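Biologist: Please take me through this model step by step, and give the cut-offs behind each term when it comes up.

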Amino acid sequence: HLVHTLLDAGADWALAKDILRRCDQYIRPVAEKRLYRPGADQIVLHGGLYFLNLWQQPKVVPDCDVSAEPFVSHLVMALGSEEKAHYLLDALALRFQMSAETAKPHIAFYLYGEAQGQGKSLLAKTIRQAFGDSAIRIVPSADKLKSMSAVDMWRRTWLVTEETEVKRGSELYDTIKSYTGMDRTESDRKNTHFDTYEIPAQLIMLSNNVPSFIEHNDRRFFVSQWDTKLRGDEKKAYFDDYISWLESGGYEAIAGLL
């Protein structure tokens with residue numbers, strides 16, 4: 001098949017046979033499993049084998065000349081303090097700048113608030129824009145983390161769960177604790193064989209409820225209420241202006257800040 005493909009491309013028999021004889025110089029055999037390597041090429045070399053890279057270049061280009069102050073102020077307002085806002089900013093910046101070979105911080109985030117329309121989902125969208133589509137998985141419910149293909153959700157930089165409900169001692173809670181504290185895991189993904197997989201993602205849980213699963217002195221979780229304290233027309237006007245800023249260069253400014 002290779003010879004006839006080369007002939008169709010214009011090669012003669014002698015050249016086609018020579019290429020076939022020395023095919024290791026022309027063809028890279030790619031392993032079936034994919035790896036996640038931010039900033040690397042589409043094909044990455046690891047352990048003497050070539051793998052397709054799950055990461056893709058983000059569409060947003062960082063712009064350090066535009067101020068990201070609206071984003072910083074937004075985090076301070078929503079989290080309720082500069083200390084919490086700077087902690088989240090530092091976490092985002094660390095993952096934005098980290099190489100693929102660096103181990104992830106073993107910290108998960110839990111952001112909650114009963115009030116609707118406070119921008120929790122907008123935060124997930126902002127991370128997706130700054131980091132790129134391939135760097136984040138957003139799932140509608142934390143229950144999805146119990147599926148046989150859950151390992152695929154953790155093979156990014158960020159994993160965001162919306163409408164999160166977690167009970168202490170549950171299978172979901174044990175999974176979150178384990179995957180947050182590990183850099184790789186052994187898993188039998190759906191329709192595939194048992195294998196070892198890298199799980200570089202940090203988890204961000206978005207919820208309407210105060211967490212009831214946090215154990216005393218458990219440092220694996222950053223927990224904060226997320227509420228701008230804005231309501232009614234004031235909230236609408238604020239978010240209209242803020243989203244307008246994001247869509248007119250704000251995402252580029254945030255990427256530049258990180």
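**Contacts, burial and pairing**

Biologist: What share of the contacts in the chain with a separation of 6 or more comes from residues 24 or more positions apart?

Modeller: This is a predicted model, in which local features need pLDDT of at least 70 and side-chain atom pairs count only at pLDDT 80 or more, while totals for chains, interfaces and linings use all residues. Residues are numbered from 1 along each chain as its sequence is written, and side-chain values use heavy atoms, with hydrogens and water left out. Taking contact to mean heavy atoms within 4.5 Å, the share that comes from residues 24 or more positions apart is 65%.

Biologist: How many helices and strands does the chain have, and what percentage of its residues is buried?

Modeller: Helices (H or I, at least four residues) and strands (E, at least two) are DSSP runs numbered from the N terminus, and by that rule the chain has 8 helices and 9 strands. Buried means under 20% relative accessible area, exposed over 50% and partly exposed in between, with a 1.4 Å probe and protein chains only. Of the 258 residues, the part that counts as buried is 42%.

Biologist: Which strands stand at the edges of the open sheet of 5 strands?

Modeller: Two strands pair if DSSP finds at least two bridges between them, and the order of this sheet, with parallel pairing, is β4-β5-β8-β3-β9. A strand at an edge has a single partner, so one side of it is left without a neighbour in the sheet, and this holds for β4 (136-139) and β9 (221-225).

Biologist: By how many degrees are neighbouring strands of this sheet turned against each other on average?

Modeller: Axes are lines fitted to C-alpha atoms, for helices over the stretch in contact, and angles run from 0 to 180 degrees between N-to-C directions. For neighbouring strands of this sheet the direction is ignored, and the average turn is 15 degrees.

Biologist: What angle does α5 make with β4 where this helix packs on the sheet?

Modeller: Strand β4 is joined to β5 (residues 158-161) by 4 bridges, the two running parallel, and the bridge partner of Val139 in β5 is Thr161. Helix α5 touches β3, β4, β5 and β8, and its direction makes with that of β4 an angle of about 155 degrees.

Biologist: Is Ile127 buried or exposed, and what is its relative accessible area?

Modeller: Ile127 has its place in helix α5 and, not counting residues up to four places away in sequence, touches Leu92, Gly132, Ile136, Trp158 and Ile204. Its C-alpha atom is separated by 9.8 Å from that of Val160, which is 33 residues away along the chain. Ile127 is buried, with a relative accessible area of 4%.

Biologist: Which side chain of opposite charge is nearest to Lys120?

Modeller: Lys120 is found in helix α5 (residues 120-131), and its side chain reaches the backbone oxygen of Gly113 at 3.4 Å. Lys and Arg count as positive and Asp and Glu as negative, whereas His and the chain ends are not counted. Although buried, Lys120 has no salt bridge (a side-chain nitrogen of Lys or Arg within 4 Å of a carboxyl oxygen of Asp or Glu). At 7.4 Å, the nearest side chain of opposite charge is Glu163.

Biologist: How many residues apart in sequence are the parts that Glu215 and Lys177 tie together?

Modeller: The closest N and O atoms of the salt bridge between Glu215 and Lys177 are 4.0 Å apart, and Glu215 counts as partly exposed at 30% relative accessibility. Glu215 lies in the loop between β8 and β9 and Lys177 in helix α7 (residues 171-180), so the separation in sequence of the parts tied together is 38 residues.

Biologist: Which residue forms a salt bridge with Asp227?

Modeller: Asp227 is buried, with a relative accessible area of 8%, and the closest N and O atoms of its salt bridge are 3.0 Å apart. The partner is partly exposed, with a relative accessible area of 40%, and it is Arg231.

Biologist: In which helix do Lys236 and Asp240 both lie?

Modeller: Lys236 forms a salt bridge with Asp240, the closest N and O atoms being 2.9 Å apart. The two residues are 4 residues apart, about one turn of the helix, and both lie in α8 (residues 232-257).

Biologist: Which residue takes a positive phi in the hairpin of β1 and β2?

Modeller: Strands β1 (residues 43-46) and β2 (residues 49-52) pair in the antiparallel sense over 4 bridges, and the bridge partner of His46 in β2 is Leu49. The hairpin has 2 residues between the strands, and the one with a positive phi near 60 degrees is Gly47.

Technical notes. A polar contact is a pair of N or O atoms within 3.5 Å; within protein, one must be able to donate a hydrogen and the other to accept it, and residues adjacent in sequence count only if both atoms are side-chain atoms.
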